[in-house]
Amino acid sequence: MDWDIIRAKDWKNTENNFQRMDFKQAEFLIHNHIPVDFINKIFVKNQCRMIEIEHIVRKLGLAIKVQVAREGKLYY
């Protein structure tokens with residue numbers, strides 16, 4: 001994770017980096033602040049990501065539901 005982007009006040013995408021906004025997601029902002037047991041659902045943009053994240057969740061032995069966000073709309 002690029003913590004410099006995550007902590008930055010200006011995190012809009014730039015011509016040099018089109019993924020800046022992707023790093024500014026809420027789950028990154030709570031890193032090391034709450035126990036993973038407090039997370040009951042993870043929303044993703046599409047079915048492909050859902051399968052990928054479900055695999056990670058299972059591999060970690062967690063019981064967190066993974067769901068595709070309606071119309072792929074997510075808040076950063």
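These questions and answers cover the fold, core and surface of a predicted model.

Q: In what order do helices and strands follow one another along the protein chain?
A: The protein chain holds four helices and two strands. Read along the sequence, the pattern is α-α-α-β-α-β.

Q: What share of the residues of the protein chain counts as buried?
A: Buried means under 20% relative accessible area. The protein chain has 76 residues, and the share that counts as buried is 13%.

Q: Which residues make up the largest nonpolar core?
A: In soluble globular proteins, nonpolar side chains tend to be buried together. Here the largest nonpolar core has five residues. They are Val44, Met50, Val57, Ile64 and Val66.

Q: Which residue of the largest nonpolar core is in contact with isoleucine 64, leaving aside neighbours within four places in sequence?
A: Ile64 belongs to the largest nonpolar core, as do Val44, Met50, Val57 and Val66. Beyond four places in sequence, Ile64 is in contact with Val36, Ile39, Asn40, Lys41, Ile42 and Val57. The name found in both lists is Val57.

Q: Where is isoleucine 30 found?
A: Ile30, Ile34 and Phe38 make a nonpolar surface patch of about 280 Å². Isoleucine 30 lies between helix 3 (26-29) and strand 1 (41-44), in the loop.

Q: Is isoleucine 30 buried, partly exposed or exposed?
A: Buried means under 20% relative accessible area, and exposed means over 50%. Isoleucine 30 has a relative accessible area of 30%, so it is partly exposed.

Q: How much of the exposed area of the protein chain do carbon and sulfur atoms supply?
A: The protein chain exposes about 6500 Å². Of this, carbon and sulfur atoms supply 53%.

Methods:
Residues are numbered from 1 along each chain as its sequence is written. This is a predicted model: local features need pLDDT of at least 70, side-chain atom pairs count only at pLDDT 80 or more; totals for chains, interfaces and linings use all residues. Side-chain values use heavy atoms; hydrogens and water are left out. Buried means under 20% relative accessible area, exposed over 50%, partly exposed in between (1.4 Å probe, protein chains only). Accessible areas come from the Shrake-Rupley method with a 1.4 Å probe; for residues, only the protein chains shown count as cover. A nonpolar core is a set of buried Ala, Val, Leu, Ile, Met, Phe, Trp, Tyr and Cys residues joined through side-chain atoms within 4.5 Å. Contact means heavy atoms within 4.5 Å. Patches are made of residues with over 30% relative accessible area and no salt bridge: like charges are joined within 9 Å, nonpolar side chains (Val, Leu, Ile, Met, Phe, Trp, Tyr) within 5 Å. A salt bridge is a side-chain nitrogen of Lys or Arg within 4 Å of a carboxyl oxygen of Asp or Glu.
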